[in-house]
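Hi everyone, thanks for making room for me today. I'd like to walk you through one model, piece by piece, so let me put it on the screen.

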Amino acid sequence: MVKDLIEFFESQLGKKINLYKYNKNDILKENHQVVVWDNQKYVIELIEENNINNLKGNFYLIYQKNVNKTLLNEILTTLYEDVNIVNYKGNFILNTNNIDLINKDTPQIIETESYEKTYIINLGEIKSKDEFDIKLDLTKKLKKYIAIENSDRKYFDIFDLALYNMIELCGTDIIYKNLFDYNLIDKVDNLVLETGIAFIENGFNISKTSNNIYLHRNTLIYRLEKIKDILGMDIKNFNEACIYYIIVKNYLVNKTI
């Protein structure tokens, strides 16, 4: 019902809108209009194209390597009612007040319809254009790692943005570069290094890691010991695991480039 009304009013006004039921306590702004439909009052909120200042709720960046924005727009408006779609600085942005609407299952749903590998980056709530621009700048670095790693993981959040920013810094900051002997990492097989990464990402849990990467428990333990023997890092220790994760992630990505 609401979706049909939005489509009707957008066709009449020639502009994108938000639509919600009128409440007498609502504070109306210049871009608001009150209309009556089927004995129910609604507020039409005009959305200026690409103006995120008029939007509230959570924002999500949809990333496809070969994005067809027209097709993606059709898919999203068909699948979801309570969303706004914004093209901002070349980025395809999804906005909704329903925090449960977009989740880890959404990329697979979109892929089924678009036949294109899809990643979603949850930017969270955004209170200003400056904050939006900062987060979008961080996503540029995250998209680089997504493309290189070709990971099965498809849903990311702001904490991932911060983490990948640290990984990026590791490759450029002179202190990080001198913190660890990268020649030692060359002596460790990539599969062993990636096993260490998986162990950390699975919460330092042997059984969970073993199940998720289809690796025998004893083989997993052997590889962790090999990391300790060659690199001198016990990644069962949180502090050493943090350093290992950042340095090895950076190493693997730059080795692939």
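Before we start, one definition: when I say helix or strand, I mean a DSSP run, with at least four residues of H or I for a helix and at least two of E for a strand, numbered from the N terminus. Please also keep in mind that this is a predicted model.

Let's begin with the stretch that carries an annotation. UniProt, in an unreviewed entry, lists residues 193-246 as "domain: PucR C-terminal helix-turn-helix". What does the chain look like over residues 193-246? In the model that stretch is 74% helix and 0% strand, and its end C-alpha atoms are 12 Å apart.

Helix H8 covers residues 190-201. Its 12 residues, at 1.5 Å a residue, should span 16 Å, and the end C-alpha atoms are indeed 16 Å apart, so expectation and model agree. At the N-terminal end, Asp 189 acts as a cap, with a side-chain oxygen 2.8 Å from the backbone nitrogen of Leu 191. Which residues of H8 are buried? They are Val 192, Leu 193, Thr 195, Gly 196, Ile 197, Ala 198, Phe 199 and Ile 200.

Now look just past the end of that helix. Asn 202 sits in the loop between H8 and helix H9, residues 206-212. Is Asn 202 buried or exposed? The cut-off for buried is under 20% relative accessible area, so Asn 202, at 11%, counts as buried. A polar atom of the Asn 202 side chain lies 2.7 Å from the backbone oxygen of Ala 198. Beyond its neighbours within four places in sequence, Asn 202 is in contact with Lys 208, Thr 209 and Asn 212. Gly 203, also just after H8, takes a positive phi of about 70 degrees.

Staying on this side of the chain for a moment, Tyr 214 is in the loop between H9 and helix H10, residues 217-231. Its phi is near 55 degrees, a positive value in a residue that is not glycine. For context, most residues other than glycine have a negative phi. Tyr 214 is also exposed, with a relative accessible area of 77%.

Let's move to the sheet. It is an open sheet of five strands in the order S5-S6-S4-S7-S8, with mixed pairing. Strands S5 (84-88) and S8 (155-156) are at the edges with a single partner strand each, so one side of each has no neighbour in the sheet. Even so, S5 is mostly covered, with four of its five residues buried.

S5 and S6 run antiparallel and are joined by five bridges. One pairing to find on the screen is Ile 85, whose bridge partner in S6 is Leu 94. The hairpin of S5 and S6 has two residues between the strands, and Lys 89 in that hairpin takes a positive phi near 55 degrees. Further along the sheet, S4 (residues 58-63) and S7 (residues 119-125) are also antiparallel, joined by six bridges. There, Asn 58 has Glu 125 as its bridge partner in S7.

What lies across the sheet? Helix H2, residues 69-79, crosses S4, S5 and strand S6 (91-96), running at about 10 degrees to S6. Ile 75 belongs to H2, and at 7% relative accessibility it counts as buried. The C-alpha atoms of Ile 75 and Ile 110 are separated by 7.3 Å, although these residues are 35 apart along the chain. Leaving out residues up to four places away in sequence, Ile 75 touches Glu 113 and Ser 114.

That brings us to helix H3, residues 106-114, where we find Thr 106. Thr 106 is buried, with a relative accessible area of 1%. A polar atom of its side chain lies 2.9 Å from the backbone nitrogen of Asn 103. Not counting residues up to four places away, Thr 106 touches Tyr 80, Leu 101 and Ile 120.

In the loop between H3 and S7 there is Tyr 115. Tyr 115 has a positive phi of about 55 degrees although it is not a glycine, and at 74% relative accessibility it counts as exposed.

One last stop: Phe 9, in helix H1, residues 2-13. Phe 9 is buried, with a relative accessible area of 10%. Its C-alpha atom is separated by 53 Å from that of Ile 247, 238 residues apart along the chain.

That's my tour. Thanks for listening!

Notes: Residues are numbered from 1 along each chain as its sequence is written. This is a predicted model: local features need pLDDT of at least 70, side-chain atom pairs count only at pLDDT 80 or more; totals for chains, interfaces and linings use all residues. Side-chain values use heavy atoms; hydrogens and water are left out. Two strands pair if DSSP finds at least two bridges between them. Contact means heavy atoms within 4.5 Å. Axes are lines fitted to C-alpha atoms, for helices over the stretch in contact, and angles run from 0 to 180 degrees between N-to-C directions. UniProt positions are given in the numbering used here, feature names are shortened, and annotations may be inferred rather than shown by experiment. The expected span of a helix is 1.5 Å times one less than its number of residues. Buried means under 20% relative accessible area, exposed over 50%, partly exposed in between (1.4 Å probe, protein chains only). A polar contact is a pair of N or O atoms within 3.5 Å; within protein, one must be able to donate a hydrogen and the other to accept it, and residues adjacent in sequence count only if both atoms are side-chain atoms.
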